[in-house]
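Work through the exercises below with the sequence and the model open side by side, and try each task before reading its solution.

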Amino acid sequence: EFNINPSAKMSRYCYAGQVLHTLPDSFAGSRNPLQIGAELFGHEGPESDVEVITLLLEVLSVAGIQEPNLELGDMGLFRGICDLANFDENQEELVLGSLLKKNVEEIKVLLESFSIDEKVQELFLSLLKLNGTTEVLKDAAKAFVNGPVELQKAVESLEELVHLLHIRNPNLAIGIDLAELKGYRYHSSTTFSVYTPSAGRA
């Protein structure tokens with residue numbers, strides 16, 4: 001644990017087993033891969049994210065994967081901007097699809113067709129620009145400074161998460177991509193992926 005109140009009512013779960021996919025998740029991949037995972041319930045805040053991410057990094061180290069690159073994002077930013085735009089489910093789905101494709105022009109056309117306020121349009125478009133090193137979070141704080149408090153809190157939470165992770169692992173390479181929205185319907189806030197030069201995907 002990492003600065004988590006011992007009296008907090010939390011539950012930790014881990015699992016391992018084979019799962020069945022309709023299609024393989026990569027070329028020549030298996031439809032019946034082995035999947036392992038861990039989840040923590042009952043705590044809100046970056047400390048629990050630190051605990052799970054640290055566990056992941058330890059597992060990768062045991063597996064012989066050295067110097068991984070961690071990428072962080074937050075689904076709550078896109079969801080908060082959609083709320084600000086008063087999107088219905090169909091509008092949200094269309095803009096989400098364009099963001100996943102990183103298609104700036106398509107996003108602009110969609111937002112214009114929905115008659116979205118220019119300031120809100122800029123918030124959507126800023127997501128595509130906010131990727132790179134952890135310095136990006138400073139730009140994100142400026143981009144959302146006049147936005148809803150929920151957006152500001154999401155950025156502050158990511159900043160705190162980066163700070164806590166670097167306390168544990170000062171040399172950890174951390175990247176930020178606030179337009180990485182894969183799994184949007186499943187995740188609600190902070191997301192993370194790990195990349196390594198020895199593999200072409202997370």
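**Exercise 1.** Find the residues that Ala 38 touches beyond its neighbours within four places in sequence, and classify Ala 38 as buried or exposed, or in between.

*Solution.* Once those neighbours are set aside, Ala 38 is in contact (heavy atoms within 4.5 Å) with Tyr 13, Cys 14, Tyr 15, Val 52 and Leu 55. This model is predicted, with local features needing pLDDT of at least 70 and side-chain atom pairs counting only at pLDDT 80 or more, while totals for chains, interfaces and linings use all residues. Residues are numbered from 1 along each chain as its sequence is written, and side-chain values use heavy atoms, with hydrogens and water left out. Next, locate Ala 38 in strand S2 (strands are DSSP runs of E, at least two residues, and helices runs of H or I, at least four, numbered from the N terminus). Finally, Ala 38 is partly exposed because its relative accessible area is 32%, given that buried means under 20%, exposed over 50% and partly exposed in between, with a 1.4 Å probe and protein chains only.

**Exercise 2.** Place Leu 55 in its element and classify its accessibility.

*Solution.* Leu 55, one of the contacts of Ala 38, belongs to helix H1. At 40% relative accessibility, Leu 55 is therefore partly exposed.

**Exercise 3.** Determine how far Ala 38 lies from Ala 143, in sequence and in space.

*Solution.* Along the sequence, Ala 38 and Ala 143 are 105 residues apart. In space, their C-alpha atoms are 34 Å apart.
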